[in-house]
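Biologist: Please take me through this model one element at a time, and give the criterion behind each term when it comes up.

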Amino acid sequence: MSWGTELWDQFDNLEKHTQWGIDILEKYIKFVKERTEIELSYAKQLRNLSKKYQPKKNSKEEEEYKYTSCKAFISTLNEMNDYAGQHEVISENMASQIIVDLARYVQELKQERKSNFHDGRKAQQHIETCWKQLESSKRRFERDCKEADRAQQYFEKMDADINVTKADVEKARQQAQIRHQMAEDSKADYSSILQKFNHEQHEYYHTHIPNIFQKIQEMEERRIVRIGDSMKTYAEVDRQVIPIIGKCLDGIVKAAESIDQKNDSQLVIEAYKSGFEPPGDIEFEDYTQPMKRTVSDNSLSNSRGEGKPDLKFGGKSKGKLWPFIKKNKGATPEDFSNLPPEQRRKKLQQKVDELNKEIQKEMDQRDAITKMKDVYLKNPQMGDPASLDHKLAEVSQNIEKLRLETQKFEAWLAEVEGRLPARSEQTRRQSGLYDSQNPPTVNSCAQDRESSPDGSYTEEQSQESEVKVLATDFDDEFDDEEPLPAIGTCKALYTFEGQNEGTISVVEGETLYVIEEDKGDGWTRIRRNEDEEGYVPTSYVEVYLDKNAKDS
């Protein structure tokens with residue numbers, strides 16, 4: 001099977017076919033190039049997607065990713081980032097191993113094709129030239145033969161005519177001989193050119209064209225093999241990254257299997273545990289008995305007269321807000337006293353750990369400066385040792401400040417841990433590792449009250465409603481001539497420092513009288529003696545109401 005023998009007369013069609021082959025190759029290159037662009041775009045989108053869902057540093061969202069399910073999600077995002085990298089590898093390998101290689105080959109193919117068809121056209125031009133020479137010699141031979149024949153006829157006519165002179169006859173005879181000789185020469189020339197043309201034509205159709213067409217056939221077959229190899233490379237580039245992509249997917253599966261629901265549940269406890277004990281049973285209140293008064297009328301009158309100025313936090317001023325509601329939600333006490341004991345302990349532990357890290361950092365800096373100073377002392381040409389004294393003193397001062405700050409927070413921490421139920425040292429350390437998220441307020445335990453996400457009391461009621469409470473519920477009570485009677489007793493579960501107006505300080509374990517129940521605001525009104533009464537957080541005391549207290 002050879003194009004030279006089978007397609008000897010299809011020069012133009014072969015020229016079109018080989019050009020079509022090059023076009024196909026260039027189309028395949030364009031296809032691979034667009035595939036690489038898709039891979040890059042896909043990889044970029046995957047990276048952006050992974051980055052979009054990564055938790056922001058130093059944000060509350062980052063703190064939430066301590067749960068195993070969230071950690072697994074982070075691992076999935078990281079694996080997807082690596083997954084995107086493999087698509088970038090596919091794009092790079094296809095570009096270097098296919099596009100660049102085939103583009104160079106196309107240029108070489110075009111040059112080879114141009115050279116082969118140039119040789120073919122040259123052979124065509126040569127045989128056409130030989131054919132023209134043959135035609136020219138043939139026409140000349142034909143013309144000379146006709147001229148010789150006419151000259152012979154003219155001579156015979158002159159020779160037969162008696163009226164023609166002998167000289168004219170002789171002249172006609174010579175002219176006929178000359179024409180005859182010219183015909184013979186043309187014949188010999190035509191015969192020679194014909195033999196030469198037949199030889200050239202044989203060489204053209206049996207040697208030159210077959211050789212040229214064979215080269216073109218080989219060139220075309222190499223092109224076909226090359227595009228086939230490129231398709232194999234196309235598949236192999238994909239196959240090479242499959243193991244790594246498989247590892248990425250295995251990493252996602254491993255991350256999913258690492259999710260521990262029990263551990264996450266424990267973390268929720270660590271995050272939101274307040275440290276309070278659940279409220280005890282409510283005693284039966286018997287309304288069939290008359291109200292029991294625990295103090296005399298005289299003492300109550302004295303209590304009213306002497307205690308009124310101190311407890312009248314609202315008075316008749318309708319614009320003054322309830323003193324126990326936190327007005328500035330953004331302001332958090334330095335000792336986190338607005339938080340429940342367990343949450344406060346974790347916050348203080350976290351602060352102590354942060355301060356210790358800062359102290360260690362400053363100490364490392366001090367050691368580095370000291371070493372540099374020693375180097376300067378040994379090698380004065382490197383620097384002045386005295387220039388580091390100011391920096392060294394500044395670092396030492398910072399360390400001292402941080403230590404004092406640490407001692408302050410450690411004292412608060414020791415105070416809080418003294419109030420909490422006994423716990424093992426390991427549990428204390430573990431609970432201190434987690435930051436509280438959305439901590440409840442000290443008054444949120446076992447109460448139907450709302451608290452803000454930062455653990456402080458919310459101002460859900462408007463200022464008008466707060467003033468209305470003062471005017472209706474408290475002003476009238478404090479302005480009554482009769483003091484409120486005791487409706488029960490209570491025991492302080494924790495020490496409370498009553499620093500706000502209208503509050504009263506209590507010591508853990510102290511027993512006091514209850515003169516007003518919690519009305520839903522988280523505060524209970526109590527009395528220590530005739531002169532001291534005020535409000536304490538309901539969750540800080542355990543209340544024992546008299547059985548007949550509510551009959552009144």
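## Strands and helices

Biologist: How many bridges join strand β3 (residues 523-527) to β4?
Modeller: This is a predicted model, in which local features need pLDDT of at least 70 and side-chain atom pairs count only at pLDDT 80 or more, while totals for chains, interfaces and linings use all residues. Residues are numbered from 1 along each chain as its sequence is written, and side-chain values use heavy atoms, with hydrogens and water left out. Helices (H or I, at least four residues) and strands (E, at least two) are DSSP runs numbered from the N terminus, and two strands pair if DSSP finds at least two bridges between them. The strands β3 and β4 run antiparallel, and the number of bridges joining them is five.

Biologist: Which residue of β4 is the bridge partner of R525?
Modeller: The strands β3 and β4 form a hairpin with five residues between them. Within this pair, R525 has as its bridge partner in β4 the residue Y535.

Biologist: Is β4 mostly covered or mostly uncovered, and how many of its residues are buried?
Modeller: Buried means under 20% relative accessible area, exposed means over 50%, and partly exposed lies in between, with a 1.4 Å probe and protein chains only. On one side of β4, E533, Y535 and P537 are buried, and on the other side G534 and V536 are buried as well, so that both faces of the strand are covered. The strand is mostly covered, and the buried count is five of five.

Biologist: Which residue in β3 stands opposite V514?
Modeller: Three bridges join β2 to β3, and these strands run antiparallel. They form a hairpin with six residues between them, where G520 in the turn has a positive phi of about 105°. The residue in β3 that stands opposite V514 is I526.

Biologist: In β2, which residue is the bridge partner of T489?
Modeller: Strand β1 (residues 488-492) and strand β2 (residues 511-516) run antiparallel and are joined by four bridges. One bridge places C490 against L512 of β2. For T489, the bridge partner in β2 is Y513.

Biologist: In what order do the five strands form the open sheet?
Modeller: Strands of a sheet pair through backbone hydrogen bonds, either parallel or antiparallel. Here the pairing is antiparallel, and the order of the five strands is β4-β3-β2-β1-β5.

Biologist: By how many degrees are neighbouring strands of this sheet turned against each other on average?
Modeller: The edge strands are β4 (533-537) and β5 (541-545), each of which pairs on one side only. Axes are lines fitted to C-alpha atoms, for helices over the stretch in contact, and angles run from 0 to 180 degrees between N-to-C directions. With direction ignored, the average turn between neighbouring strands is 40°.

Biologist: Is helix α2 (residues 11-52) roughly parallel or roughly antiparallel to helix α4 (residues 68-160)?
Modeller: The axes of α2 and α4 come within 8 Å and cross at roughly 165°. Angles under 35 degrees count as roughly parallel, over 145 as roughly antiparallel, 65 to 115 as roughly perpendicular and the rest as oblique. The crossing angle therefore makes α2, relative to α4, roughly antiparallel.

Biologist: How far apart are the C-alpha atoms of A103 and I29?
Modeller: A103 lies in helix α4, and it counts as partly exposed because its relative accessibility is 33%. Although A103 and I29 are 74 residues apart in sequence, their C-alpha atoms are separated in space by 7.3 Å.

Biologist: At which residue does α5 bend?
Modeller: The expected span of a helix is 1.5 Å times one less than its number of residues, so the 92 residues of α5 (residues 166-257) should span 136 Å, and the 133 Å between its end C-alpha atoms agrees with this. The bend at a residue is the angle between axes fitted to the seven residues ending there and the seven starting there. In α5 a bend of about 45° is found at Y204.

Biologist: What distance separates the C-alpha atoms of K408 and D335?
Modeller: K408 sits in helix α9 (residues 389-419), and its relative accessible area of 28% makes K408 partly exposed. K408 and D335 are 73 residues apart in sequence, and their C-alpha separation is 9.1 Å.
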